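Subject: Structure for your review

Dear colleague,

Please find below the structure I am handing over to you, followed by an account of what was found in it. I should be grateful if you would read the account with the structure open beside it.

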Amino acid sequence: MRRLIIFGIMMTLLLSQSVYGKEGDMGHMGGISEGSNLPKTIERYVTIPTNKTRTYQYKEVVFLSGVPTEFNGTITVNNDDSVTKTKTEGSYKETYTVTATSVEGEGELNRTLAFTTYYKVNNNMDFKNQIITNSVLTGWVEEVTVGDMTYTLDRVGSSYSKAGVKDLTPGVAYFSTSISYVAKFLDGDGNPVTLTSNGSNYGYDQPWSKIETQERNIGISKGEGNSGNMQVRVQTVHEAKKTIYYDATEPFAISFGGTYNQRMESESNLTYEVLSYHSNLTNSQKYGRISIKMANQIEKLPIPGNLDFLQGHWAEADFKKLYSMEVFTEVPHSGMQYEAMSRGAYIKALCLAMNIDISKYTTRPKTVIFGDVPVTHPYYPYIMAAYDQKLIKGTGENFDVDRPINREEAFVVYVRVIGLERLGVTQSPLTPFVDDATISSWAKKEIMAGYKLGIIKGDELGRVKPKQWISKSEAAAIINRLIDYLRSDIGEDYRK
């Protein structure tokens, strides 16, 4: 019996190798930091030391006095959750320490928040990998000075709740955390000032970009009367992403014509709107925006050689980008642009594009799952790594490693690698393509999701041509389109 690896049922991946940024780089009190950047390509080969404790530039707007006051300083973050990669349940520590001064020079903000976070990794029959967390507050010290008034946190009257979930889809880790706290302060005269906040953190991590968005609805109450009372909405967004561009070289007499560069961009923005306020607040104080923008980090990508035969071909740029990013590694040869893309080659390219770890199988162990992928096969480490990570699954003996991949298989991979196939769930079993009847039933949900996202489109006649095999040129375009989507377009809803 032949082993048919059905792409329609194949995708889920535990992202122990693909998650880079950590939720919480901005803290959890509505401020912004420079956050962590995405790793450079060279870090696949060279280990660059990193610290579990990280210190970032930090900004926050504080409303305790009844007037928005901007503070600038640093936040020191320690939230090492690496234990979740090796154990299915347990706990880890989180600490966030802010030291800042007001931009007007007459104020200070000092805060330390500490949690013990308990977690459980859920693996259910749908091959879903989720991490459920619940954080218990273990320490909170805070003192804020605005002008000649100091506000000191009353720990006994204050409480904090933080609970979250991270959904580890094949190529993207999505997270959502609910935040609620009551902070009771005593001013310098012993009067209570109570701050209540409700909101959420949400975002994603993946190799090409990451975003964390925090939303807070904050209430300030000063007890008797309405002087100083206010309601505020705060939103913060931190985004880091990689963009790619071509850089022609000078002078004329040089051995290469140009290089592709990868630019690592990082920016954080905070916006606030005062919804209800006391009469002493001016119109200019009701809205505000502050930002942190870091210098771009640039890296040169490897120079793709022996690709002159592609000059003028419609997929020339796609090939050159993927060779520069080391996603395509086949020795270039004239005519390859017209050849079929095999299933094995497609899986290898996908593993390289999403940084899936293959190190376990580079020593050629004797484990063999597929009869046509022995340990001596060049795709063996990629096929086995994909199998281990539940990227592929099937029944029978063979993977059909050399068979050309067809369009519906490639499209299913394209949608499931970003974990958004649920968007294709509809009451109707039909897709909008005129050749819907030729689409396999297991592929319709993903193709429908891709259509809704605008990343799967029909030809000029409205056909998706699901059973047609794809060439290496088409594969280059599809994979490049995936990477471009992950660089920027996926974050559109998170930036609003």
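A cavity is here a set of grid points where a 1.4 Å probe fits but cannot get out, and its lining residues have an atom within 4 Å of a point. Please bear in mind throughout that this is a predicted model.

Internal cavities

By this rule, there are four cavities of 30 Å³ or more. The largest cavity holds about 150 Å³ of space. Its lining comprises 17 residues, and M29, E60, V61, R111 and L195 are those nearest its centre. Strand 2 (53–62), strand 6 (129–146) and strand 9 (173–186) are the elements that each contribute two or more residues to this lining. In terms of residue class, the lining of the largest cavity consists of 13 nonpolar, one polar and three charged residues.

Nonpolar cores

The largest nonpolar core contains 74 residues, and within this core V327, F328, M341, Y346, I418, I479 and L486 have the most contacts. Two or more residues of the core come from each of strand 12, helix 1 (316–324), helix 2 (343–353), helix 3 (380–388), helix 4 (407–416), helix 5 (444–453) and helix 6 (472–487). A second core, separate from this one, has 42 residues, among them F71, F185, I220 and Y272. To return to L486, its contacts beyond four places in sequence are V172, Q206, W208, S209, M354 and I418.

The covered helices

Which residues of helix 2 are buried? They are R343, G344, A345, Y346, I347, K348, A349, L350, C351, L352 and A353, and thus eleven of the eleven residues of helix 2 are buried. The cover over these buried residues includes helix 3, helix 4 and helix 6.

Helix 3 is largely enclosed by the rest of the structure, because seven of its nine residues are buried. The buried residues of helix 3 are Y380, P381, Y382, I383, M384, A385 and A386, and helix 2 is included in what covers them.

Helix 4 is also mostly covered, with ten of its ten residues buried. These buried residues are R407, E408, E409, A410, F411, V412, V413, Y414, V415 and R416, and they pack against helix 2, helix 5 and helix 6. At the N-terminal end of helix 4, N406 acts as a cap: one of its side-chain oxygens lies 3.3 Å from the backbone nitrogen of E408.

In helix 1, I would draw your attention to S324. The relative accessible area of S324 is 0%, so this residue is buried. Beyond four places in sequence, S324 is in contact with Y260, L301, P302 and P304.

Backbone geometry

Most residues other than glycine have a negative phi, and most peptide bonds are trans. The following sites may be read against that background.

N306 has a positive phi of about 60° and is not a glycine. This residue lies in the loop between strand 15 (297–300) and helix 1. Is N306 buried or exposed? N306 has a relative accessible area of 65%, which is over the 50% cut-off, so it counts as exposed.

N355, also not a glycine, has a positive phi of about 55°. N355 comes just after helix 2, in the loop between helix 2 and helix 3. The relative accessibility of N355 is 18%, which is under the 20% cut-off, so it counts as buried.

A cis peptide bond, with omega of about 5°, joins E250 and P251. P251 is located in the loop between strand 12 and strand 13.

The loop at T249

T249 is in the loop between strand 12 (230–248) and strand 13 (258–276). Its side chain reaches the backbone oxygen of F256 at 2.8 Å. When residues up to four places away in sequence are not counted, T249 touches I254, F256, G257, G258 and T259. By contrast, T249 and S284 are 35 residues apart along the chain, and their C-alpha atoms are separated by 49 Å.

Yours faithfully

Key:
Residues numbered from 1 in each chain as written. Predicted model: local features only at pLDDT ≥ 70, side-chain atom pairs only at ≥ 80, totals over all residues. Heavy atoms only, no water. 1 Å grid on protein atoms, 1.4 Å probe; cavity = no way out; pocket = protein on both sides within 12 Å on 5 of 7 lines; lining within 4 Å. Points joined across faces, edges and corners; volume = space filled by probe spheres on them. Helix = DSSP H or I, 4+ residues; strand = E, 2+ residues; numbered from the N terminus. Nonpolar A, V, L, I, M, F, W, Y, C, P; charged D, E, K, R; others polar. Contact = heavy atoms within 4.5 Å. Polar contact = N/O pair within 3.5 Å; in protein donor to acceptor, adjacent residues only side chain to side chain. Core = buried A, V, L, I, M, F, W, Y, C linked by side-chain atoms within 4.5 Å. Buried < 20%, exposed > 50% of the residue type's maximum accessible area, 1.4 Å probe, protein only.
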